[in-house]
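Look at the sequence and the model below before reading on. The text then goes through a few places in the structure, one after another.

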Amino acid sequence: MVRERVPEKHGIAFEVDRGERFEVIDPKGSQVADLVAFDRSDTTERFSPKYTYRRENKLRPTTGDRLYTTEGEPILTFVDDDCGVHDLLYAPCNHWVVGDYYGQTGEGGCRENLAEVLEGEGISEAEIQETLNVFMKSEIDDYEVRIAEPESEPGDTVVFEAEMDAIVGIAACSGESTVNAGGTKPIDLDIPDGSVLARNF
Ligand SMILES: [Zn+2]
């Protein structure tokens, strides 16, 4: 494994073989990491939050739970999870999300960062709209949803195991808002040696 630090507001893409593990670490606490995952043999099949909660019957996956694809197949398993609070509801932030809701006019967000690092794999921005938002806290109250500050502490780690050969993209979330407890920070990754496909930092 090799440690990669994704700086605030940036992204990285890497590949994992079935059975390999990787870790997503929040080094400073209260920082969200947006994660997408694609079947490496056919990237039209990708992680689906909706089919994940259809399969797992929960909106906060944690240790022992699996993430499923648009075809209902397992793609990643949560092997270990220090935090337990992650989000399946929200689409990744992008230029209009950070502009309209966080006052960051003229900036891009996680969607643009993920598109940049996945372009070389033939994955377009149009295919990037469903993420697992690691360490993000969403709340539902009488069917209304809102974003709360993350509960992740410095050093909190999620260990994933690949259930198929996959391409994974991860962005350190760009929102200077409640979503990241007010300020953006880096995300650390432990990933297999030589697995990096692209990074935009
Ligand atoms: Zn974001």
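This is a predicted model. A starting point is S48, which is in contact with Y68, T69, T70 and E130, leaving aside its neighbours within four places in sequence. S48 itself sits in the loop that joins β4 (33-39) to α1 (49-56). Is S48 buried or exposed? The cut-off for a buried residue is a relative accessible area under 20%. The relative accessibility of S48 is 4%, so S48 counts as buried.

The helix α1 comes next. Its residues P49, T52 and E56 are buried. Because these three cover an arc of only 55° around the axis, they are on the same side of α1. K50 and R54, on the other side of α1, are exposed. What lies over the buried residues of α1? The cover includes the strand β5 (66-68). After α1 comes N57, and the phi of N57 is positive, near 60°.

The model also holds a zinc ion. Which residues coordinate the zinc ion? They are C93, C110 and C173, each through its SG atom, at 2.3 Å. Along the sequence, these donor residues follow the spacing C-x16-C-x62-C. C93 belongs to the loop between β6 (74-81) and α2, while C173 belongs to the loop between β11 (166-172) and β12 (187-191), so this pair ties together parts that are 80 residues apart in sequence. Both residues can be checked against the cut-off used above for S48. C93 has a relative accessibility of 6% and therefore counts as buried. C173, at 4%, counts as buried too.

C93 also leads to the last place on this route, the largest pocket, since C93 is one of the residues that lie nearest the centre of that pocket. The others named there are Y90, A91, P92 and V97. Rolling a probe the size of a water molecule over the atoms shows where empty space is left. In the largest pocket, this space comes to about 250 Å³. How many residues line the largest pocket? The lining is made of 18 residues. Sorted by class, 13 of the lining residues are nonpolar, three are polar and two are charged. Helix α2 (residues 95-102) gives the most to this lining, with four residues.

Terms used. Residues are numbered from 1 along each chain as its sequence is written. This is a predicted model: local features need pLDDT of at least 70, side-chain atom pairs count only at pLDDT 80 or more; totals for chains, interfaces and linings use all residues. Side-chain values use heavy atoms; hydrogens and water are left out. Helices (H or I, at least four residues) and strands (E, at least two) are DSSP runs, numbered from the N terminus. Buried means under 20% relative accessible area, exposed over 50%, partly exposed in between (1.4 Å probe, protein chains only). Contact means heavy atoms within 4.5 Å. On a 1 Å grid over the protein atoms alone, a cavity is a set of points where a 1.4 Å probe fits but cannot get out, and a pocket is an open set with protein on both sides within 12 Å along at least five of seven lines; lining residues have an atom within 4 Å of a point. Grid points are joined across faces, edges and corners, and a volume is the space filled by probe spheres set on the points. Ala, Val, Leu, Ile, Met, Phe, Trp, Tyr, Cys and Pro count as nonpolar, Asp, Glu, Lys and Arg as charged, and the others, Gly among them, as polar. Donors are N, O and S atoms within 2.8 Å of the metal (3.2 Å for Na, K and Ca); water is not among the atoms, so sites may look incomplete. The arc is that of the directions from the helix axis to the C-beta atoms.
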